[in-house]
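Subject: Structure for you to look at

Dear colleague,

I am handing over the structure we spoke about, and below it I have written down what was found in it. Please read the notes with the structure open beside them.

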Amino acid sequence: MKYIFSFVVSFVFLCSVSLCFATSFTKQERQILIQHYAKYFPLSFTKRIFSSPSLKKNVAIIPKNIINKEKPRNYKQFTTKWATRRSYRFLQKWRTSFIRAQKKFNVDQEVIVAIFMVETNLGRYTGRYRLLSTFSTLFVAYKEAEKHPSLYTEKRRRRIRQKGTWAQGELHSLLAIILKQKMPSSESLTGSFAGAFGIPQFLPSSYLRWGYDSDKNGTINLFLVPDSIYSTANYLMYHHWKKGLANKKLYRNHIEVIKQYNHSLVYAQTVLKLALQIHKLRVHCKHCTHS
């Protein structure tokens with residue numbers, strides 16, 4: 001009963017924090033953000049970013065990220081014949097980029113398109129939450145919770161601290177992207193409630209580490225297919241993907257690498273199953289073409 005009461009109180013507190021300032025951060029909260037990141041970036045830059053009226057405190061993402069556990073997703077939709085055929089057509093449409101990325105990074109092209117399908121339905125749904133607001137909201141919620149530790153159980157405090165520290169790091173990476181203008185319109189980037197963006201749903205830290213400029217034009221745009229293909233292949237290669245999708249001996253390697261992308265086992269199994277179905281369809285169609 002004590003745990004349940006504490007949980008309810010913490011939920012109400014976090015929601016009330018966000019609801020009280022649903023449209024804007026307070027001056028004090030903005031100052032906290034400005035001063036913290038001024039340690040790493042020019043003060044004029046942090047003032048411009050965190051003083052902007054467009055920076056809003058997002059009501060919805062606090063409980064989604066901190067309190068509510070993600071509900072099991074219906075992954076069956078991604079392994080249907082319809083999803084497999086759509087993925088195959090997408091692969092054929094962008095086959096030049098897929099083939100080049102496969103050769104360069106030694107990664108099976110089918111697993112890349114499978115990730116795109118499961119993450120964003122091949123780029124159709126990339127998220128509507130503004131990244132700056134998402135990470136700033138979580139960071140401020142973390143700071144607020146530090147002031148009221150008695151409202152939470154130890155387990156809940158650890159969770160808030162974990163997400164707050166994580167958001168702090170991702171916001172740092174996002175500011176680095178904006179400052180260097182590595183991606184067009186980076187200040188207004190939108191993504192999932194958890195801060196992932198683009199066709200492959202990279203976090204800002206992943207973008208900085210594994211983002212790849214496929215056409216050497218000086219920018220990496222994960223809302224464009226070629227850069228998304230190369231960046232995802234680069235990520236998989238770094239995490240030791242072993243090429244040979246149909247090789248059953250490599251199943252464990254493939255599952256473990258995909259789990260680096262998303263820690264869910266059912267996610268990894270779904271991506272791999274879809275990739276294998278795309279591979280079989282590609283081989284079948286190739287044989288039909290040459291018969």
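Helices here are DSSP runs of at least four residues, numbered from the N terminus, and in that numbering Val118 lies in helix H7, which covers residues 109-120. Please keep in mind throughout that this is a predicted model.

Is Val118 buried or exposed? Its relative accessible area is 1%, and because buried means under 20%, Val118 counts as buried. Although Tyr75 is 43 residues away from Val118 along the chain, the C-alpha atoms of the two are separated by 8.0 Å.

The helix that holds Val118 also packs against helix H5 (residues 81-93), the axes of H5 and H7 coming within 10 Å and crossing at roughly 120°. H5 and H7 are therefore oblique to each other, and their crossing is right-handed. On the H5 side the contact involves Ala83, Arg86, Ser87, Phe90 and Leu91, which meet Gln109, Glu110, Val113, Phe116 and Met117 of H7; the residues of this contact comprise six nonpolar, two polar and two charged.

A second helix pair is formed by H6 (residues 95-105) and H11 (residues 225-238), which pack at an angle of about 25° with their axes 9 Å apart. Since angles under 35 degrees count as roughly parallel, H6 and H11 are therefore roughly parallel to each other, and H6 passes H11 in a right-handed crossing. H6 contributes Ser97, Phe98, Arg100, Ala101, Lys104 and Phe105 to the contact, while H11 contributes Pro226, Ile229, Tyr230, Ala233, Asn234 and Met237. Eight of the residues in this contact are nonpolar, two are polar and two are charged.

Turning to the interior, the largest nonpolar core has 77 residues, and those with the most contacts inside it are Phe50, Val111, Ile112, Leu171, Leu175, Leu236 and Trp241. Helix H8 gives the most to this core, with nine residues. In soluble globular proteins, nonpolar side chains tend to be buried together. If neighbours within four places in sequence are left aside, Leu175 is in contact with Tyr37, Phe41, Phe45, Ile49, Phe50 and Leu132.

Tyr37 also appears among the buried residues of helix H2 (residues 27-37), together with Glu29, Arg30, Leu33, Ile34 and His36. Which helices do the buried residues of H2 pack against? They pack against H3 (43-50), H8 (131-147) and H9 (154-180).

With best wishes

Definitions and conventions:
Residues numbered from 1 in each chain as written. Predicted model: local features only at pLDDT ≥ 70, side-chain atom pairs only at ≥ 80, totals over all residues. Heavy atoms only, no water. Buried < 20%, exposed > 50% of the residue type's maximum accessible area, 1.4 Å probe, protein only. Helix = DSSP H or I, 4+ residues; strand = E, 2+ residues; numbered from the N terminus. Contact = heavy atoms within 4.5 Å. Axes fitted to C-alpha atoms, helices over the stretch in contact; angles between N-to-C directions. Parallel < 35°, antiparallel > 145°, perpendicular 65-115°, else oblique. Left-handed = near helix turned anticlockwise from the far one by under 90°. Nonpolar A, V, L, I, M, F, W, Y, C, P; charged D, E, K, R; others polar. Core = buried A, V, L, I, M, F, W, Y, C linked by side-chain atoms within 4.5 Å.
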